[in-house]
Amino acid sequence: MLDGLVFVALFVIFGGGTLLAYWLAYASLPTFDEYRRRYPDLCKNGRCRCHSCGGDRVFLHTLDAFHRRHVCATCGTVLYRS
Ligand SMILES: [Zn+2]
């Protein structure tokens, strides 16, 4: 009985920590609007270039059903979230 509770407690602590780390990593990325404000010269006609290498090919990295990261296809820098 106690072992089961300890297991559940550990699962919640580590599971919650992983989830928290995931959210913090996600929330630390700028949104598209923030990226556009941060690098106005790189964003034209609703498209943004990479701030690191200047590449304009961006691919979508789907994290889950609601969250995506936009990643530079040339250098792999994570640009912004959506
Ligand atoms: Zn790049």
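In this predicted model, β4 and β5 come together as a hairpin, with 5 residues sitting between the two strands. The turn includes Gly76, whose phi is positive at about 85°. The two arms of this hairpin run antiparallel, and 3 bridges join β4 to β5. One position to look at here is Val71, whose bridge partner in β5 is Val78.

On the other side of the story is β3, and here too a hairpin does the connecting: 5 residues lead from β3 to β4. The pairing of β3 with β4 (residues 68-72) is again antiparallel and takes in 5 bridges. Two of the facing positions can be picked out by name. His61 stands opposite Arg69 in β4, while Phe59 stands opposite Val71 in β4. Val71 thus turns up twice, facing Phe59 and bridging to Val78 in β5.

Put together, the strands make an open sheet of 3, ordered β3-β4-β5 and paired antiparallel. The edges are taken by β3 (58-62) and β5 (78-81), each of which pairs on one side only. Neighbouring strands in this sheet are turned against each other by 30° on average, with direction ignored. As for what holds such an arrangement together, strands of a sheet pair through backbone hydrogen bonds, in either a parallel or an antiparallel fashion; for β3, β4 and β5 the pairing is antiparallel.

Key
Residues are numbered from 1 along each chain as its sequence is written. This is a predicted model: local features need pLDDT of at least 70, side-chain atom pairs count only at pLDDT 80 or more; totals for chains, interfaces and linings use all residues. Two strands pair if DSSP finds at least two bridges between them. Helices (H or I, at least four residues) and strands (E, at least two) are DSSP runs, numbered from the N terminus. Axes are lines fitted to C-alpha atoms, for helices over the stretch in contact, and angles run from 0 to 180 degrees between N-to-C directions.
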